[in-house]
Each structure stands twice: as C-alpha cells, then as structure tokens.
Amino acid sequence: FQDEIGEVYQKSNPSREERRRWASTLDKHLRKNLKLKPVMRMNGNYARRLMTREAVEVVCELVLSEATREALRKLMDLYLQMIACVASTRPSQDCPVQLCQYSYNSQQFADLLSTTFKYRYDGKITNYLHKTLAHVPEIVERDGSIGAWASEGNESGNKLFRRFRKMNARQSKTFELEDVLKHHWLYTSKYL
C-alpha cells in the first residue's frame, strides 16, 4: 500500500526518508478513517483489519492512478475469496464455491502481481510467494487447511526440527540428521 501511495513504479530507487513519509501518510490516514492504530507493523489484529475491502477503499483515496486503484481492489477481492477457504476448518462444507475457484483465483492473483505490480518483483515471484500461490491450493483442496496461506505448517516443521536436533538425536554428525529425519517423519505422519 505504501509503495502504491508513493508511486514506486515511477522511481528507480526511493530514499529511506521518502518511504518513511509514505508510511506516515498511510498510518495517519488509516488512524483517521478506520480508527486503526498500528502499534506493530505485523500485528495479527492490525493485519486482519487492514486486509478488508473497507481498508482498500480508504487506501485508494491516497493512490493517484486509477489503474492502480482498480488493480488493488481486484487483488483484495481475490485475497478475500481465497482467505475464506484457508480460514475454514472444513472448506468443502463451509465455502464450496470459493474452494472450487481457489486454484483459478490463486493463478489470477499471481498473474496480477507479475504483470501490474511487476516492478516490485522484477518480473519474478519469490519462492515463498510461489509456494503460497501454487502449492497451497493443492493442500487446501485435498485436506482443507488452517494456516495454509501463511505456510504455518512449514514454520512448525522448522521448530520441530530444531527441537529434535537438540533433544532426540544422537549427538554425532554421522547419525544426527538420520535421527532427526526419522523423528520428524514419525511425528508428522498421518498414518501413525
């Protein structure tokens, strides 16, 4: 949102001061219009209130380009359709229509980012974003998943890995990785 307010696509390398000014403009505007007080940038409740149609309309008031406003609205619309599936424990029962459209919406989302907002990614999408957009639909459609959008399964895997390495593995380079992987498999296998 900040970058769109500052029209980053027209500037090759904006200074830190410019970026701070855009952030400050956005924060003041959100405070005034949505009563949204950003204590921490990535606070969960803040993010939930920010990622709404209402918030995008407020942000669009600061964006000068009509094309960018339309693209931001479309991005948010796709996001809200996808997040309904991800937030649901049983997407096939709770939101069957959005679930059917999930893969298509995900593809549209990626296309929009790699075309309209390509200056943010130099035409390339990061691994993390690719994983979220290309592989999360498989998980959601197959299992129904909570937290798949944020790849939280992967994060908990990292945590487990560290714990196993410290506690449950023989402390020698020969066996350590083998033990960790076996523990990890035993711990996460849905067949056991």
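Q: Why is Val86 called buried?
A: Its relative accessible area is 3%. Buried means under 20%, exposed means over 50%, and partly exposed is what lies in between, worked out with a 1.4 Å probe and protein chains only. Since 3% is under 20%, Val86 counts as buried.

Q: What kind of model is this, and how are its residues numbered?
A: It's a predicted model, where local features need pLDDT of at least 70 and side-chain atom pairs count only at pLDDT 80 or more, while totals for chains, interfaces and linings use all residues. Residues are numbered from 1 along each chain as its sequence is written, and side-chain values use heavy atoms, with hydrogens and water left out.

Q: What makes up the secondary structure of the chain?
A: Eleven helices and zero strands. Both are DSSP runs numbered from the N terminus: a helix is H or I over at least four residues, a strand is E over at least two. Read along the sequence, the pattern goes α-α-α-α-α-α-α-α-α-α-α. As for burial, 36% of the 192 residues count as buried.

Q: Where does Val86 sit, and how far is Val86 from Tyr102 in space?
A: Val86 belongs to helix 5, residues 66-87. From C-alpha to C-alpha, Val86 and Tyr102 are 9.7 Å apart, with their positions 16 residues apart in sequence.

Q: What makes Arg53 and Asp77 a salt bridge?
A: A salt bridge needs a side-chain nitrogen of Lys or Arg within 4 Å of a carboxyl oxygen of Asp or Glu. Here the closest N and O atoms are 2.5 Å apart, so the pair fits the definition. Arg53 is in helix 4 (residues 53-60) and Asp77 in helix 5, so this pair ties together parts that are 24 residues apart in sequence. The structure holds five salt bridges.

Q: Why do Arg53 and Asp77 count as partly exposed?
A: Arg53 has 48% relative accessibility and Asp77 has 29%. Both values fall in the range between buried and exposed, so the label is partly exposed.

Q: How do you know that Glu57 and Arg73 form a salt bridge?
A: Their closest N and O atoms are 2.8 Å apart. Glu57 lies in helix 4 and Arg73 in helix 5, so the two tie together parts 16 residues apart in sequence. With 38% for Glu57 and 26% for Arg73, each is partly exposed.

Q: What separates Glu70 from Arg73 along helix 5?
A: About one helical turn, because they are three residues apart in that helix. They form a salt bridge too, with the closest N and O atoms 3.0 Å apart. Through shared partners, salt bridges join Glu57, Glu70 and Arg73 into one network.

Q: What makes Arg31, Lys35, Lys37 and Arg49 a patch of positive charge?
A: First, Lys and Arg count as positive, Asp and Glu as negative, and His and the chain ends are not counted. Patches take residues with over 30% relative accessible area and no salt bridge, joining like charges within 9 Å (for nonpolar side chains, the limit is 5 Å). A charge is placed at NZ of Lys, CZ of Arg, CG of Asp or CD of Glu. These four gather in such a patch on the surface.

Q: Why are Lys35 and Lys37 called exposed?
A: Lys35 has a relative accessible area of 60% and Lys37 comes in at 57%. Both values pass the cut-off, so both residues count as exposed. Lys37 sits in the loop between helix 2 (16-34) and helix 3 (44-50), and Lys35 is placed in the loop between helix 2 and helix 3 as well.

Q: What makes the phi of Lys35 worth a look?
A: Most residues other than glycine have a negative phi. Lys35 is not a glycine, yet its phi is positive, about 55 degrees.

Q: How many disulfides does the structure hold?
A: Zero. A disulfide is a covalent bond between the sulfur atoms of two cysteines; here the test is a pair of cysteine sulfur atoms within 2.5 Å.

Q: Buried or exposed: what are Cys60 and Cys100?
A: Cys60 has 3% relative accessibility, so Cys60 is buried. Cys100 has 68%, so Cys100 is exposed.

Q: Why is Lys118 called partly exposed?
A: Its relative accessible area is 48%, which lies between the two cut-offs. Lys118 is in helix 8 (residues 118-121). Lys118 and Tyr9 are 109 residues apart in sequence and 9.0 Å apart in space, C-alpha to C-alpha.

Note on methods
Accessible areas come from the Shrake-Rupley method with a 1.4 Å probe; for residues, only the protein chains shown count as cover.
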